[in-house]
Amino acid sequence: IYGVTARSNFGNSGGGRNLFTLDIDTGEIEVIGPTNLAVNLTGLSFIGGSLYALNRAAQDIGTLDLATGNFAISAGTTLASGARLAVAGGQAYVTSQNNLYSINPNSGARSLIGSFAASADRARGLAGIGDDLFVVTGFTQTSSGQPYNSLVSRINRVTAVIQPIGTIEAPIEALTIAPEVF
């Protein structure tokens, strides 16, 4: 399993984030190296043999070098801050606010598929497994001191219509689904 640290003080005193691997049998984390960014990356997704990510601040799509951790921009986008990236059915998708787009990760060219239902807040997490695409929307606090609620839904890749699966009483900021081999 590959991941990127959210804090700069894990395995790197240089101030950047780090690409790492996690051995699911032993729990051991091996730091590969710094991403050369001081901001968080979101939407880690393998497309072909390359590991793509979205630079959360600049909204650039790029690849992570699996040997060094270095993030290299492959395409700039004009997505709103907080966009998410995932792959389903062999196609890359991004969310920006409450819109779903198909996107070419090498050029940044995208096509609007549609908007989520008016009741859904912007996407907080996006993940694909096989042909299915899942989104986490919301997190709202019902009243002061009450738990946060995040809605997990399946999203139609052709229409962007969401089909709620369930509510989680937690402020979900990211979503991923483990490969079927696990």
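**View 1. Three bridges tie β1 to strand β2 (residues 18-22), with the two running antiparallel.**
Zoom in on this pair in the predicted model and you'll find V4 matched with L19 of β2 as its bridge partner. The pair belongs to an open sheet of three strands, ordered β1-β2-β3, with antiparallel pairing. β1 (2-4) and β3 (29-34) sit at the edges with a single partner strand each, so one side of each has no neighbour in the sheet. From one strand to the next, the twist averages 30°.

**View 2. Here's the four-strand open sheet, which reads β4-β5-β6-β7.**
Pairing in this sheet is antiparallel. The edge positions go to β4 (41-47) and β7 (71-76); each has just a single partner strand, so one side of each is left without a neighbour in the sheet. Ignoring direction, neighbouring strands here are turned by 30° against each other on average. As a reminder of what holds such arrangements together, strands of a sheet pair through backbone hydrogen bonds, either parallel or antiparallel.

**View 3. A closer look at the hairpin of β4 and β5.**
Five bridges link β4 with strand β5 (residues 50-55), and the sense is antiparallel. Two of the facing pairs are worth picking out: S45 stands opposite Y52, and L41 stands opposite N55. What sits between the strands? Two residues do, and in this hairpin G48 takes a positive phi near 65°.

**View 4. S102 sits in strand β10 (residues 99-103).**
Is S102 buried or exposed? Its relative accessibility is 18%, which is under the 20% cut-off, so S102 counts as buried. Leaving aside residues up to four places away in sequence, S102 touches Q91, A92 and Y93, along with A109, R110, S111 and I113. Two of these names come back in the next view: Y93 is in the largest nonpolar core, while A92 is in another core.

**View 5. Twelve residues make up the largest nonpolar core.**
Who's in it? The members are A86, A88, Y93, L100, F116, A123, L126, L133, V135, I155, A160 and I162. At least two residues of this core come from each of β8 (84-88), β12 (123-129) and β13. Another core, this one of nine residues, lies apart from it; Y52, L54, A92 and I103 are among its members. You've met Y52 already, standing across from S45 in the hairpin view.

**View 6. Pulling back, the whole protein chain has 15 strands and zero helices.**
The chain has 182 residues, and 38% of them count as buried. About 9100 Å² of the chain is exposed, with carbon and sulfur atoms supplying 50% of that. Of the contacts with a separation of 6 or more, 36% involve residues 24 or more positions apart.

**View 7. How far to trust the close-ups: the protein chain averages a pLDDT of 75.**
A score of at least 70 is reached by 71% of the residues. Which strands mark the two ends of the confidence range? Confidence is highest in strand β11 (residues 110-115), at 92, and lowest in strand β13 (residues 132-141), with a mean of 73. Keep in mind that where pLDDT is low, the predicted coordinates should not be read in detail. β13 also supplies at least two residues of the largest nonpolar core.

Methods. Residues numbered from 1 in each chain as written. Predicted model: local features only at pLDDT ≥ 70, side-chain atom pairs only at ≥ 80, totals over all residues. Heavy atoms only, no water. Pairing = 2+ DSSP bridges. Axes fitted to C-alpha atoms, helices over the stretch in contact; angles between N-to-C directions. Buried < 20%, exposed > 50% of the residue type's maximum accessible area, 1.4 Å probe, protein only. Contact = heavy atoms within 4.5 Å. pLDDT = per-residue confidence, 0-100. Areas by Shrake-Rupley, 256 points an atom, 1.4 Å probe, with all protein chains shown as cover. Core = buried A, V, L, I, M, F, W, Y, C linked by side-chain atoms within 4.5 Å.
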